[in-house]
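Dear colleague,

Please find below the structure I agreed to hand over, together with its sequence. My findings follow it, and I would welcome your comments.

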Amino acid sequence: MIYLLAAVGALTIAVLLWRAFGPERVGVASRQAPIAPDDDPDFLRKLGEQQHRPDDES
């Protein structure tokens with residue numbers, strides 16, 4: 001019985017350590033959400049340049 005309690009305790013500690021220091025928290029590169037066009041400063045700058053450009057240059 002004591003071995004079963006020790007195994008459950010060790011497993012609990014292992015899971016808690018994994019949750020605290022697992023790959024999500026250590027610094028493994030996570031995927032970034034794509035930037036919507038209206039939030040992308042480069043897109044907005046290019047759009048503004050296109051709108052201010054004279055029609056004969058298009």
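**Salt bridges in helix α3**

E49 and R45 are both part of helix α3, where four residues, about one turn of the helix, set them apart. Please bear in mind throughout that this is a predicted model. The side chains of this pair form a salt bridge, with 3.3 Å between the closest N and O atoms.

R45 also forms a salt bridge with D42, at an N to O distance of 3.9 Å. Helix α3 covers residues 41-52, and because D42 and R45 are three residues apart within it, about one helical turn separates them. Taken together, D42, R45 and E49 are linked in a network of salt bridges. A search of the whole structure finds two salt bridges.

As to how these side chains sit relative to the surface, the class of partly exposed runs between the limits of 20% and 50% relative accessible area. R45 has a relative accessibility of 43% and therefore counts as partly exposed. D42, with a relative accessible area of 43%, is likewise partly exposed. E49 belongs to the partly exposed class as well, because its relative accessible area is 44%.

**The nonpolar patch**

A second feature concerns the beginning of the sequence. M1, I2, Y3, L4, L5 and V8 make a nonpolar patch on the surface, with an area of about 770 Å². One of these residues, L4, lies in helix α1, which comprises residues 2-21. Is L4 buried or exposed? Its relative accessibility is 53%, so L4 counts as exposed, the cut-off for that class being over 50%.

**The chain as a whole**

The protein chain contains three helices and zero strands. Followed along the sequence, its pattern reads α-α-α. Of the 58 residues in the chain, 2% are buried. The accessible surface amounts to about 5,900 Å², and carbon and sulfur atoms account for 61% of that surface.

In summary, I would draw your attention to two places: the salt-bridge network of D42, R45 and E49, and the nonpolar surface patch that includes L4.

With kind regards

How values were computed:
Residues are numbered from 1 along each chain as its sequence is written. This is a predicted model: local features need pLDDT of at least 70, side-chain atom pairs count only at pLDDT 80 or more; totals for chains, interfaces and linings use all residues. Side-chain values use heavy atoms; hydrogens and water are left out. Patches are made of residues with over 30% relative accessible area and no salt bridge: like charges are joined within 9 Å, nonpolar side chains (Val, Leu, Ile, Met, Phe, Trp, Tyr) within 5 Å. Accessible areas come from the Shrake-Rupley method with a 1.4 Å probe; for residues, only the protein chains shown count as cover. A salt bridge is a side-chain nitrogen of Lys or Arg within 4 Å of a carboxyl oxygen of Asp or Glu. Helices (H or I, at least four residues) and strands (E, at least two) are DSSP runs, numbered from the N terminus. Buried means under 20% relative accessible area, exposed over 50%, partly exposed in between (1.4 Å probe, protein chains only).
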